[in-house]
2 protein chains.
Amino acid sequence: MNIHFKNIYCILPCAKTCGTGRSYEVKETNIYVTNDIISGIGTAPDGFIADRTVQGKNKILSVGLVNAHNHAYMSVFRNSADDVLFEEWLFKRILPLEDKLVDEDIYWGTQLSCLEMLKSGTTTFLDMHITKNIVPKAVEDVGMRAVISKGIVGEGTAEYGLTRLADAKEEINNFKNSKLVSFMLAPHAIYTCDSEYLKIVTEEAKKLNVPIHTHLAESPVELKDALEKYGKTPVEYLADLGVFDVKTICAHCVQLNDNDIDIFKKYNVSVAANPVSNLKLANGIAPIKKMLDKGINVAIGTDGPASNNGQNMFREMNFHALLHKGVNHDAEAVSALETYKCATENGAKALALDNCGVLEVGKKADLFVMDINQPQFYPRNNLMSALCYSARGTEIDMVLVDGKILIEDGKSTTLDEEKIYYNASKVIERITK
Amino acid sequence: MNIHFKNIYCILPCAKTCGTGRSYEVKETNIYVTNDIISGIGTAPDGFIADRTVQGKNKILSVGLVNAHNHAYMSVFRNSADDVLFEEWLFKRILPLEDKLVDEDIYWGTQLSCLEMLKSGTTTFLDMHITKNIVPKAVEDVGMRAVISKGIVGEGTAEYGLTRLADAKEEINNFKNSKLVSFMLAPHAIYTCDSEYLKIVTEEAKKLNVPIHTHLAESPVELKDALEKYGKTPVEYLADLGVFDVKTICAHCVQLNDNDIDIFKKYNVSVAANPVSNLKLANGIAPIKKMLDKGINVAIGTDGPASNNGQNMFREMNFHALLHKGVNHDAEAVSALETYKCATENGAKALALDNCGVLEVGKKADLFVMDINQPQFYPRNNLMSALCYSARGTEIDMVLVDGKILIEDGKSTTLDEEKIYYNASKVIERITK
C-alpha cells in the first residue's frame with residue numbers, strides 16, 4: 001500500500017551533530033511510504049499514487065521506537081511481585097511461576113507485550129526468552145520486527161547447556177527465512193554460564209554470524225562475586241574470555257567503572273539501559289552520562305514486564321532523560337535529543353538492524369503517529385522535548401511496521417485484543433491455583 | 001445529581017495499617033454519590049434513586065489525586081527551557097518571559113494545567129502563583145478544588161513586600177465564600193524573603209488562620225548559603241524563626257539531614273515531594289524513605305510545568321515509588337500503597353482539607369474512574385501496583401469534583417479544550433516575539 005502522510009510534524013535527521021553522531025530536528029513535511037519502504041520525504045517519489053492519505057494536523061510522525069532489552073513473555077507476571085527484595089522476587093515469586101509455564105502461555109504473554117509495545121509506539125524489540133520457536137511465531141503473528149534470542153545457561157560441555165544451545169540454533173534455523181525476525185545468541189549472565197560455556201557460545205555466534213545478547217553488571221552482588229571469583233569486573237571478565245570479539249549488546253550495565261566503559265568503547269559493545277528495572281529491583285543507576293560522553297552506543301530497553309510493570313518506551317525515555325540530570329547534578333546531562341537517539345537509531349544499531357531506526361528514504365516503514373492535540377503538548381514550544389518529557393506513550397494513533405498499519409485510532413487492526421487479555425489472564429489464574 | 005457506580009473496582013481504606021497510618025485495599029463494590037458527597041459504599045443510602053448509573057466493568061474508581069505543589073500558570077512555558085543549567089533556566093529563559101505575562105495569560109496558563117490535571121485524575125491542587133485574583137477565578141471557572149497561594153517576597157517592612165502581602169490578603173478576602181478554593185500564605189523561599197519578612201508573614205498567617213506554603217531546601221546552593229549566612233540549615237532556620245508554629249507545607253525538601261527530618265516531625269510539617277522537578281533541575285533526590293520511616297506527612301506534587309513538562313500525577317507517583325528503591329538499594333522502599341497514600345490522603349492532609357482525599361462516606365465526591373481495559377493492566381495481578389507502576393494517567397475515563405462530572409470519556413464536559421489550547425499557545429507566541 002502507498003501511504004502519504006500530509007503536512008505532518010516529523011523527526012528527521014539533520015546536518016547538525018549531537019554527541020558523537022548526527023542530530024535531529026522537528027519539521028513539518030510530507031512522508032511517502034511505498035509498500036514496506038519510506039520512499040519519499042518532502043517530495044513524492046516518481047509516479048507515486050497514494051492509496052491512502054493521512055492528514056498530519058495535530059500529529060507527529062517518528063520512526064518507531066526500539067526496545068533494546070525485553071523478556072516479552074513475562075507480561076503474565078505483571079504486578080505479581082512488586083515492592084519485594086530481589087531474592088524474594090526471583091526465587092520465591094517469579095521462578096516458581098515460570099516453571100509452570102507451557103508453550104501456549106509464552107505465546108499469549110508475548111502477544112500481550114507486543115500489543116502494549118505497539119500501542120505505545122515501539123515497532124522493534126530485542127527479546128530473551130525461555131522456550132523454543134514460540135516467541136518468533138508469536139511475533140510473526142503480530143507482525144512486529146524483533147531480534148530474538150533464547151536465553152541459555154550452561155557449564156562447560158555439560159549436556160544441559162549444550163542442549164539449550166542446540167535448541168537456540170534450531171530456532172534460528174527454523175526462522176531463517178523470516179522477513180521480520182532475526183536472532184542473537186543469549187548466554188544469560190556470567191553467574192549462570194561458566195567461562196568454558198561462554199567460550200563455546202561465543203565460537204558458535206561467530207560460526208552463525210549472529211551477535212551476542214547478555215545481562216551484565218546488573219547487581220552489586222554480581223560485581224562483588226566476579227571480583228572475588230575472577231579478580232575482575234564482569235566487563236573485564238567477558239572481554240578477557242573473548243566474548244566481545246563478537247558484536248555484543250549488554251543489558252543493564254549498572255555496576256561499571258571507568259575502565260569497563262573504555263572496554264566497551266574498545267570492543268564497540270552496545271549497552272541497553274534499563275532504568276526502571278534497575279530502580280525497581282534496587283540495583284541502582286547506570287552511569288549513562290559517562291557512557292554517552294565516551295561515545296558508547298547506548299540504547300534503551302524496558303526489561304521484562306515482571307521487572308518493570310510496563311512495556312512503554314516513553315516511560316523509559318522519561319527516566320533515561322531525567323535520572324542522570326539528578327544524580328550527576330547536571331541539568332544538561334542526557335538531553336531529550338540524545339534520549340530520542342538512544343530509543344531509535346542507537347537501538348537499531350545495537351540490534352544490528354541497518355534497515356530501520358531512522359526516518360530516511362530507503363529505510364523500512366516502521367513508524368508511529370502520535371496525536372498531540374492533548375493538553376500535555378501545548379504550547380508547542382519544543383516538540384522534541386514534548387516527546388521525551390511530556391508524552392505518555394498512550395497518545396499513539398497509528399503504527400506501521402514494515403509498511404503495514406498495525407495500529408489505527410490507537411487500536412490493533414490485526415489482533416483480537418480481548419482474546420489476548422483473556423488468554424494472558426487465564427495463564428496466571430491457572431499457574432497460581 | 002445522584003450517581004451509582006455499579007460493581008466497580010475501588011480503592012478503599014481498610015483495617016490494616018501501612019507505615020504510620022491506615023492501609024488500602026482494592027475491592028469490587030458499589031459507590032453512591034448524592035450531589036457533592038459520597039453517600040454510600042457497598043450499600044445505597046436510604047431512599048437513594050440514581051439519576052445515572054455507571055457500569056464498573058473494566059474500570060477502577062479512586063478518590064482524585066492531590067497535586068501538592070504547583071505553579072499552574074507556568075504551562076505556557078512548557079518545553080521552552082529544557083536540558084539547560086538552573087541559572088540559564090531561571091534567569092535567561094523563564095524570568096524574562098514571566099515578566100511579560102499579563103493577567104489573561106495567567107488565566108489561560110492555569111486553565112491549561114487544570115485541564116491536564118483533570119484529564120489525568122487530579123481533582124485538587126496546591127498552587128503558588130504571581131498575580132492577584134486570576135488563578136482562583138480560573139480554577140472556579142474550571143470547577144476544580146484548589147488551595148491557592150500568591151507567592152510573596154520581601155525584606156523586612158520594605159514597601160514591595162508589604163504590598164505583595166496585602167495583595168495576597170485581598171485575594172483571600174475576595175474569595176472567602178468560595179466552595180472550591182481555599183488559601184495559604186506563600187513566602188516564596190528563604191533566599192527571596194528575609195527573616196523579618198518571614199516573621200511578619202507568619203504572624204499574618206496566624207491572624208488569618210491559614211497555613212504557610214513555601215519552597216525549602218531545594219538546591220545545594222540554598223543549603224550552602226543558609227549554612228554560611230545563618231550557620232543553620234534552611235529547615236533549622238525556619239524552625240527558629242517560628243514559621244513552623246503555623247501549619248506548613250514545604251515543597252522540594254531535597255537537601256535535608258536527619259535533624260531536619262526530626263524538626264519536621266516535631267512541628268508536624270508536611271512535605272511536597274517533587275521528584276521530576278528535582279531531577280530535571282539537577283537538584284538531586286529527596287530522602288523520602290527516611291521521611292516516611294519517621295512518619296512525616298509526605299505528599300506529592302508536580303511543581304510547575306516549566307520545571308516538569310507535565311502535570312500528570314501518575315508520572316510523579318511512578319518516580320516517587322521507583323527512585324528511592326534504586327538510590328537506597330532497597331526494593332521494599334516506598335511501596336505502591338505508600339505512594340498512593342502520598343498522592344491522595346497525605347496530600348489532602350498537607351493541604352488542610354479534611355473533606356476529601358479518601359473514599360469514605362461523607363467525604364466530597366472528588367473521584368476518578370480509569371479504564372483498565374488496556375494491555376498495561378493485564379493480567380490483573382495487583383491493581384494497586386498497576387495504578388502506581390503501570391498506569392500512564394491518560395487512561396482516565398471520568399472525573400468528578402464536588403460531585404460534578406468534569407471529565408467524561410476522557411474529555412472535558414465543561415471547558416472548550418480547543419479554546420484553551422489556542423489561547424495558551426497565543427501567549428508564548430506573543431511574549432517571544
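# A tour of the predicted two-chain model

The crossing of helices H11(A) and H12(A) is right-handed, and this pair makes a convenient first selection in what is a predicted model. Select both helices and look along the place where they meet: their axes come within 10 Å and cross at roughly 135°, and H11(A) and H12(A) are therefore oblique to each other, an angle over 145 degrees being needed before a pair counts as roughly antiparallel. To see what makes the contact, show the side chains of A:Met313, A:Met317, A:His320 and A:Ala321 on H11(A), together with those of A:Ala336, A:Thr339, A:Cys342 and A:Ala343 on H12(A). Coloured by residue class, the contact of H11(A) with H12(A) divides into six nonpolar residues, two polar ones and no charged ones.

**The counterpart in chain B**

Now move to helix H12 of chain B, which spans residues 336-343. How many of the eight residues of this helix are buried? Eight of the eight are, so H12(B) is largely enclosed by the rest of the structure. The buried set of H12(B) includes the charged residues B:Glu338 and B:Lys341, alongside B:Ala336, B:Leu337, B:Thr339, B:Tyr340, B:Cys342 and B:Ala343.

**Chain A as a whole**

Zoom out and select the whole of chain A, which has 15 helices and 18 strands. Taken along the principal axes, its C-alpha atoms fill a box of roughly 60 × 45 × 45 Å. The radius of gyration of chain A is 21 Å, which agrees with the value near 22 Å that a compact globule of 433 residues would have. Of those 433 residues, 61% count as buried, and among the contacts in chain A with a separation of 6 or more, 74% are accounted for by residues 24 or more positions apart.

**Two residues to inspect in chain A**

For an example of distant sequence positions, select A:Gly21, which has its place in strand E2 (residues 21-34) of chain A, and then add A:Lys341. These two residues are 320 residues apart along the chain, and their C-alpha atoms are separated by 9.3 Å. With 14 C-beta neighbours inside 10 Å, A:Gly21 counts as partly exposed, since a residue is buried only if 20 or more such atoms are found.

Next, select A:Leu241, which belongs to helix H7 (residues 234-241) of chain A. Which residues does A:Leu241 contact, leaving aside its neighbours within four places in sequence? They are A:Ser195, A:Leu198 and A:Lys199. A:Leu241 has 17 C-beta neighbours inside 10 Å and therefore counts as partly exposed. A distance drawn from the C-alpha atom of A:Leu241 to that of A:Gly154, 87 residues away along the chain, should read 15 Å.

**Backbone features in the loops**

Most residues other than glycine have a negative phi, and most peptide bonds are trans. The following stops depart from those tendencies, beginning with a peptide bond in each chain.

In chain A, select A:Tyr378 and A:Pro379, which are joined by a cis peptide bond with omega of about -15°; A:Pro379 is found in the loop between strand E15 (367-371) and H14 of chain A. Then select B:Tyr378 and B:Pro379, where a cis peptide bond again has omega of about -15°, and where B:Pro379 lies in the loop between strand E15 (367-371) and helix H14 (383-390) of chain B.

Staying in chain B, go to B:Ala217, in the loop between strand E11 (212-216) and helix H6 (220-230). Although B:Ala217 is not a glycine, it has a positive phi of about 55°, and with 27 other C-beta atoms within 10 Å this residue is buried. Continue to B:Ala352, in the loop between helix H13 (345-350) and E15 of chain B. B:Ala352 is not a glycine either, yet has a positive phi of about 60°; is it buried or partly exposed? With 17 other C-beta atoms within 10 Å, B:Ala352 is partly exposed.

**Where the chains meet**

For the last stop, show both chains and select the residues of their contact, which takes 54 residues from chain A and 54 residues from chain B. On the side of chain A that touches chain B, at least two residues each are supplied by helix H1 (86-98), helix H2 (103-119), helix H9 (275-280), helix H11 (313-328), helix H14 (383-390) and helix H15 (417-431). Coloured by class, the residues on this side of chain A divide into 24 nonpolar, 18 polar and 12 charged. H11(A), where the tour began, is thus among the helices that supply residues to this side.

Note on methods
Residues are numbered from 1 along each chain as its sequence is written. Chains are lettered from A and ligands numbered from 1 in the order in which they are written. This is a predicted model: local features need pLDDT of at least 70, side-chain atom pairs count only at pLDDT 80 or more; totals for chains, interfaces and linings use all residues. Two residues are in contact if their C-beta atoms, placed from the backbone, lie within 7 Å. Helices (H or I, at least four residues) and strands (E, at least two) are DSSP runs, numbered from the N terminus. The radius of gyration is taken over C-alpha atoms; the globule rule is 2.2 Å times the number of residues to the power 0.38. A residue is buried if 20 or more other C-beta atoms lie within 10 Å of its own, exposed if 12 or fewer, and partly exposed in between; C-beta atoms are placed from the backbone. Axes are lines fitted to C-alpha atoms, for helices over the stretch in contact, and angles run from 0 to 180 degrees between N-to-C directions. Angles under 35 degrees count as roughly parallel, over 145 as roughly antiparallel, 65 to 115 as roughly perpendicular and the rest as oblique. A crossing is left-handed if the near helix is turned anticlockwise from the far one by less than a right angle, and right-handed if clockwise.
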